[in-house]
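Visitor: I should like a close look at the loop residue you consider a good starting point, and then an account of how the covered interior and the two chains are built around it.

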Amino acid sequence: MNLSMKWLADYVDVGHISPRQFAEAMTMSGSKVEGWELEGSEIRNVVVGKLLSVVPHPDSDHLVVCQVDVGNGEPIQIVTGAQNVKAGDIVPVALHDSDLPGGKHIKKGKLRGVESNGMLCSLSELGLTAHDFPYAIEDGIFVLEEPDVQLGQDIQSAIGLNDTCVEFEITSNRPDCLSVTGLAREAAATFDVPLNLPVPEVKHTVDDIHDLLSVEVKAPDLCPRYVARMVKNIKIEPSPRWMRERLRACGVRPINNIVDITNYVMLEYGQPMHAFDHKYVAGQKIVVRRANAGEQLETLDGVVRSLTPDMLVIADMEKPSAVAGVMGGEYSGINDNTNMIVFESACFNGPSIRVTAKKLGMRTESSGRFEKQLDPATCIPAVERACQLVELLGAGEVVGGMIDVDHSDHTERRVPFEPDWMNRFLGIELSREEMVRILEKIGCKVEGDVVIPPSFRGDLEHKADISEEIARFYGYDKIPSTAIRGTANGAYTEAQKFERSIDQILQAQGLYEISTYSFISPKYYDKIRLPQESPYRNCVVISNPLGEDTSVMRTTTVPSMLETLSRNYNNRNKSAALYEIGTVYLPQPGKELPDERPLVTVGMYGGGCDFFSLKGILETLLNGLRVNGWEMEACTDHPTFHPGRCAKITVDGEFLGMIGEVHPSVCENYEIGGRVYVAYLDEQVMLAHVAAETGYHPLPKFPASTRDLALICDESLPVAAIEKAIRQAVGNILEQLSLFDVYQGSQIAAGKKSVAYSLTLRAADRTLTDEEADAAVKRVLKALKPLDVELRS
Amino acid sequence: MLLEDLQNIEKQAAQALESAADPKALDDLRVKYLGKKGELTAILKQMGSLSAEERPKVGAFANEVRAAIENLIEQRSNALKAQMQEKKLAEEKLDVTLPGKAAPLGKSHPLNKVLDEIKEIFLGMGFSISEGPEVELDYYNFEALNIPKNHPARDTQDTFYIPDNVLLRTQTSPVQIRTMEKQRPPIRVIAPGRVYRSDAVDATHSPLFHQIEGLVVDKGVTMADLKGTLEMFVKRLYGEDSVVRFRPHHFPFTEPSAELDVQCFACHGEGCRLCKGEGWIEILGCGMVHPKVLSICGVDPEEYSGFAFGLGLERIVMRRYNIDDLRLFFENDVRFLGQF
């Protein structure tokens with residue numbers, strides 16, 4: 001909402017307050033000011049001048065040389081290229097060293113050898129259009145037809161370009177403040193100055209509306225009130241300058257006197273008005289009804305709209321002429337042949353207007369106001385004001401009488417008035433009298449322990465709402481700042497601590513955390529080669545996505561990771577090692593909401609990393625988190641991964657995650673040239689298998705024995721099987737088992753590999769004898785026999 | 001006679017030691033003079049020929065000479081060690097300006113880095129951290145927050161719908177409702193999380209961003225408590241000298257409602273480019289929980305009151321690091337991530 005300060009001054013005197021103070025105080029009382037603009041403030045040193053003579057330029061056939069009287073005795077010479085000026089014209093003159101809108105600076109100079117001491121200005125050079133001054137032409141010098149201008153007078157005051165426009169951000173609960181009178185009321189309460197709102201009156205009327213028109217409201221639920229007045233012998237012409245100025249200051253383009261009056265009243269009272277030509281009202285009867293199924297209407301913007309029965313239309317005996325509260329029809333509007341008009345000032349059901357405007361895809365100034373639910377009581381003063389303005393402008397003759405079809409609820413709202421409760425709620429100590437004074441300033445009545453809000457304050461329903469009014473005008477800044485009473489224990493939950501440990505362990509290993517979108521394209525499932533029948537393709541689908549790329553909620557985090565790695569690769573980053581704790585959204589049969597599961601996803605390329613770098617990171621993570629009993633086993637059939645470099649991770653038989661080198665075809669899909677490694681782990685499964693914290697293990701008192709074993713086995717035998725057998729065979733004296741060499745080559749038979757382990761053996765209660773250690777090695781060799789593992793000779 | 005010999009040995013040994021250049025030479029000298037077949041031993045062997053009177057004298061003198069030579073050897077040995085160490089140290093000189101061998105250091109995403117800081121502040125004020133689903137029922141996201149269907153407040157939050165009654169939450173406020181349904185007062189929680197609005201991606205808009213919700217409900221919670229709590233938060237986050245103002249606003253689920261601004265750090269309220277000339281920067285929305293919302297959650301508004309607040313994480317992080325493009329957060333270029 002843009003407010004003209006000149007207009008505001010009609011109702012409240014805030015002339016002694018600077019725009020900055022005004023903006024700050026209004027913001028602090030709840031009407032947020034986004035900014036303000038001093039009209040014409042970009043213009044400097046531009047004055048009214050009179051052309052004394054206009055003669056052709058000696059060296060140019062498109063320039064003329066003018067002698068201009070700018071009110072200081074000596075005429076000045078200005079050269080111009082404009083063709084529409086003649087001696088005697090009054091024009092805006094930008095003098096030497098003057099400023100124009102858009103940072104344009106004017107200095108004297110020579111044009112084709114003739115001295116020019118400034119510039120004659122057009123409308124657009126002053127930041128105006130022909131809508132502001134309909135008598136002037138767009139492409140030429142602005143020849144003033146304003147009465148009472150002085151030569152040498154600043155152009156701003158001469159043409160009324162000196163208003164201050166204040167831009168407000170009005171919240172959706174205060175449609176009453178989308179108006180000059182509403183803001184005047186707030187300003188009066190804010191600055192504690194009187195509010196002067198005259199009741200509009202029409203002095204002279206002809207005929208009676210009831211002889212010319214009738215109104216029937218068939219859908220009173222959607223139209224609580226419909227008020228109409230008429231004007232005859234309409235004279236369509238531009239509206240006067242003061243009205244055009246005010247409309248311009250509020251950001252509305254002047255059109256003609258009748259249209260301008262409806263806009264003026266809407267801005268002044270917050271009540272959208274509609275004016276239509278009486279001769280197009282078939283049967284001289286307005287019918288307010290639901291649209292018929294299949295009914296169509298061509299709206300003012302030239303679009304044919306298909307209407308549905310939940311939409312309200314303004315119709316006559318034959319056809320609809322407007323979508324109620326949204327937009328008028330193409331054929332009912334005012335034109336130059338209009339003689340008699342009907343002013344409609346109505347109140348519609350807000351939600352219904354909102355649905356209609358949304359369905360038809362046309363949010364208008366009018367629908368934007370109606371949908372916030374306007375006050376039925378404003379209909380009458382608004383239409384009266386419109387008629388008063390018709391009279392004032394001499395735009396026609398007001399027809400006597402008024403049609404008022406009123407189904408609105410006139411019951412007063414009564415809200416409990418509890419000063420003690422409000423003081424406790426706000427944490428202040430304000431007297432009852434002070435509260436009453438505040439409430440009366442904004443139009444409330446207080447009767448005993450009841451507040452009766454004015455009809456235009458539909459937002460005041462509860463004592464909490466009344467408290468806000470008290471707080472606003474007492475001053476939010478005067479409410480003290482206190483600490484919450486009582487103590488509370490702020491702490492992370494176990495799951496939150498667990499997640500923090502994941503961050504710490506992964507970051508300690510050099511990984512950068514990433515953050516990716518939770519929605520992806522269904523095509524990404526193809527990119528990671530997910531089979532068509534994969535259950536992961538069943539996902540939560542957004543019905544109104546921005547685009548396909550963000551149209552489904554992900555069921556896997558792998559595409560997000562690969563996309564990030566790909567972006568880094570294609571940005572020529574040599575290496576990347578990343579992780580994300582990101583959610584997947586798995587639809588649950590029979591439930592409305594999906595299962596939201598956090599997954600830990602790790603991905604890397606470059607920097608010499610390989611499968612075992614990634615595996616090492618996971619090992620450190622799982623061991624650091626004390627996840628108990630996890631295992632990895634080769635997985636050859638996961639379509640996203642290299643069939644020979646992929647493992648499934650389980651814990652106690654439960655699926656925990658995957659790790660692998662990404663399949664070359666997938667890398668190709670993501671335009672990554674090198675090898676990429678990705679793993680993911682289910683956070684909740686990990687958390688469910690965290691071992692209890694164990695006590696401290698005493699440091700060993702007895703020495704350890706070590707035995708190294710070089711073994712030969714089939715190259716396809718996973719070392720995990722060997723290790724498992726060794727651990728079982730040695731028993732609890734095995735302190736540490738470490739693999740220190742794997743070898744294949746000329747020293748070893750084809751199809752075989754050599755695997756070398758170092759065993760650290762130790763007993764807690766004695767020094768192990770060589771015999772005991774050797775016996776353990778014998779047990780190991782025996783246990784390895786069935787696996788075809790032998791000691792390397 | 002023997003005494004003279006002993007004196008000579010000491011002299012010779014002293015001379016010889018002075019020129020001993022390495023531990024080997026030193027050891028040879030030790031053997032030569034003090035060894036079992038050394039010169040001193042040879043002299044001592046002749047002691048049998050001495051008279052009983054002379055023997056103790058010569059014996060004592062011989063011991064003195066031995067001690068003196070041993071002392072000289074040790075001195076020389078120490079000197080040699082020191083020399084050699086000095087030489088070694090000189091040889092081992094490094095160009096200390098060569099780069100270090102760094103273990104790679106991982107990083108938190110900047111959003112989480114600042115979020116962690118915010119969590120710590122609230123934990124310190126006795127808040128716990130709560131969570132709620134991102135795919136949410138219309139009821140929790142709107143209806144229970146006093147935003148019925150076709151309420152104009154829905155317009156400011158362009159919503160992604162699944163079917164009609166399920167949506168991607170547009171705010172973290174539904175966690176307020178879920179928390180009150182689960183837990184009786186006193187309640188003191190924050191709920192950080194992802195929220196979704198149908199905004200096309202550009203430098204300042206993203207269809208996905210993060211909010212942090214806060215909720216306090218107890219007997220006798222006042223608007224003054226709201227002010228005190230949030231002022232403390234802002235001062236912890238932005239510094240004790242931050243200037244804060246609360247200005248009336250409207251949210252359907254709080255009454256009274258407010259927005260909290262901090263005075264612009266760059267211009268201190270004068271108005272500049274950073275604050276778009278306003279002198280203040282909007283940080284969060286807040287208010288006293290609407291009694292209707294308390295009732296919906298089964299909390300008696302006559303017995304309890306509370307306040308709630310919500311702030312956007314991205315804007316706070318962008319201002320902290322002067323980041324001018326929101327997209328950088330979700331592009332995750334390592335050159336960006338490595339800076340935090």
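**A loop residue and the interior**

Guide: K93(B) is exposed, with a relative accessible area of 71%; buried means under 20% relative accessible area, exposed over 50% and partly exposed in between, with a 1.4 Å probe and protein chains only. The model is predicted: local features need pLDDT of at least 70, side-chain atom pairs count only at pLDDT 80 or more, totals for chains, interfaces and linings use all residues, and side-chain values use heavy atoms, with hydrogens and water left out. Residues are numbered from 1 along each chain as its sequence is written, while chains are lettered from A and ligands numbered from 1 in the order in which they are written.

K93(B) belongs to the loop between α4 (54-91) and α5 (110-124) of chain B. Helices (H or I, at least four residues) and strands (E, at least two) are DSSP runs, numbered from the N terminus. From K93(B) to G285(B) the C-alpha distance is 62 Å, with their positions 192 residues apart in sequence. Chain B as a whole has a radius of gyration of 42 Å, where a compact globule of 340 residues would have one near 20 Å; this radius is taken over C-alpha atoms, and the globule rule is 2.2 Å times the number of residues to the power 0.38. The C-alpha trace of chain B spans about 130 × 45 × 45 Å along its principal axes. Its secondary structure comprises 12 helices and 9 strands, and 54% of its 340 residues are buried.

The interior presents the contrasting case. In soluble globular proteins, nonpolar side chains tend to be buried together. The largest nonpolar core holds 144 residues, and L562(A), L565(A), M180(B), F233(B) and F309(B) touch the most other members. Helix α8 (residues 223-238) of chain B gives this core its largest share, 8 residues. A second, separate core of 52 residues includes F168(A), F191(A), V193(A) and V398(A). A nonpolar core is here a set of buried Ala, Val, Leu, Ile, Met, Phe, Trp, Tyr and Cys residues joined through side-chain atoms within 4.5 Å. Neighbours within four places in sequence aside, the partners of M180(B) include I187(B), L215(B), V217(B) and V289(B), as well as V293(B), L294(B), C297(B) and V299(B); a contact means heavy atoms within 4.5 Å.

Helix α10 (residues 419-426) of chain A shows how elements of both chains meet. The helix is mostly covered, with 6 of its 8 residues buried, namely P419(A), W421(A), M422(A), N423(A), F425(A) and L426(A). These buried residues pack against α11 (432-441) and α12 (463-474) of chain A, and also against α8, β7, β8 (280-289) and β9 (305-312) of chain B. Just after α10(A), G427(A) has a positive phi of about 80 degrees.

Backbone geometry is the next topic. Most residues other than glycine have a negative phi, and most peptide bonds are trans. Strand β7 (residues 254-263) of chain B contains P256(B), and the bond leading to P256(B) from E255(B) is cis, with omega near -5 degrees. Another cis bond runs from P185(B) to P186(B), with omega near 0 degrees; P186(B) sits in the loop between α7 (174-182) and β4 (187-196) of chain B. In chain A, N233(A) has a positive phi of about 55 degrees although it is not a glycine. N233(A) is in the loop between β14 (225-232) and α5 (241-249) and is partly exposed, at 37% relative accessible area. R572(A), also not a glycine, has a phi near 65 degrees; R572(A) lies in the loop between α15 (558-570) and β31 (576-586) of chain A and is exposed, at 75%.

Chain A completes the picture. Chain A has 20 helices and 40 strands. Its radius of gyration is 42 Å, well over the 28 Å that the globule rule gives for 793 residues, so chain A is more spread out than a compact globule. Along its principal axes the C-alpha trace of chain A spans about 125 × 80 × 60 Å. Of the 793 residues in chain A, 52% are buried. Among contacts in chain A between residues at least 6 apart in sequence, 70% join residues at least 24 apart.
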